[in-house]
Amino acid sequence: GETDALFAMGDQVGQGSSDRVLARLVRCGELKSAALMGLALERSGVPVAVLDPHEMDLVASGDPLDANLSGLNREKVLARFDQADVIVAPGFFGEDADGPITLGRGGTDLTAVMFAHWLGAQRARLIKDVDGVYSDDPAKNPDAHRFDALDYEAARKVSHGLVQDKAITRAKELDVVVEVAALGKGYATRIAAAVEKPADA
């Protein structure tokens with residue numbers, strides 16, 4: 001709800017201000033989350049580097065509130081693993097020549113997919129508040145079933161915004177495997193060029 005609160009605050013204070021300035025505000029929730037994650041990892045003794053988009057040359061283009069990622073300096077990111085076991089980066093926004101712009105609702109999903117592609121990862125795992133993609137909202141329908149695997153088009157139809165549409169589109173284009181899971185769970189819904197498979201099949 002933090003991003004929603006930032007949008008509401010921007011609407012209240014700005015009232016007609018540009019989307020570009022609003023993007024500077026609503027990205028702050030991601031910056032805060034990344035910094036807090038870095039602090040928690042350090043406290044646990046994990047060597048960590050927290051990187052903001054400008055430190056990775058993370059380039060975005062398009063609408064300031066619904067942009068797409070278009071570039072990353074892979075070498076800058078990988079070089080940080082010389083001193084860190086974990087790199088934490090905020091999702092949801094990148095930068096163009098005029099400053100930060102955001103990637104639309106669910107933009108952290110797009111960030112994860114693009115990082116997986118650019119860094120050569122085997123998959124992108126998205127941690128959600130549910131343990132996978134369901135046929136319906138499990139909070140509203142107790143008979144909803146969880147999928148073990150979905151192809152990209154099926155995932156777009158049934159995820160109902162759980163995974164950002166743009167992220168699914170780019171994952172399909174780039175052949176990136178996406179996993180949707182809950183924190184601490186050893187299983188996930190796999191989204192890839194695969195046959196639909198309910199968890200109970």
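What share of the contacts in the protein chain with a separation of 6 or more comes from residues 24 or more positions apart? Before I answer, let me state that the structure shown here is a predicted model. The share is 66%.

I turn now to the overall architecture. The protein chain contains eight helices and eleven strands. Its C-alpha atoms occupy a box of roughly 50 × 45 × 35 Å along the principal axes. For a chain of 201 residues, a compact globule would be expected to have a radius of gyration near 17 Å, and the value here, 18 Å, agrees with that. Of those 201 residues, 41% are buried.

Next, the surface and the charges. About 10,700 Å² of the protein chain is exposed, and 50% of this area is supplied by carbon and sulfur atoms. The chain carries 22 positive and 32 negative charges, and the mean positions of these two sets lie 2 Å apart.

Finally, I would like to consider one residue, P64. It sits in the loop between β2, residues 59-63, and β3, residues 66-71. Is P64 buried or exposed? Its relative accessibility is 18%, and the cut-off for a buried residue is under 20%, so P64 counts as buried.

Which residues does P64 touch, leaving aside those up to four places away in sequence? They are D19, R20, A23, I101 and T102. For one of these, R20, the separation from P64 is 44 residues in sequence, while the C-alpha to C-alpha distance is 5.3 Å.

Terms used
Residues are numbered from 1 along each chain as its sequence is written. This is a predicted model: local features need pLDDT of at least 70, side-chain atom pairs count only at pLDDT 80 or more; totals for chains, interfaces and linings use all residues. Side-chain values use heavy atoms; hydrogens and water are left out. Helices (H or I, at least four residues) and strands (E, at least two) are DSSP runs, numbered from the N terminus. The radius of gyration is taken over C-alpha atoms; the globule rule is 2.2 Å times the number of residues to the power 0.38. Buried means under 20% relative accessible area, exposed over 50%, partly exposed in between (1.4 Å probe, protein chains only). Contact means heavy atoms within 4.5 Å. Accessible areas come from the Shrake-Rupley method with a 1.4 Å probe; for residues, only the protein chains shown count as cover. Lys and Arg count as positive and Asp and Glu as negative; His and the chain ends are not counted. The place of a charge is taken as NZ of Lys, CZ of Arg, CG of Asp or CD of Glu.
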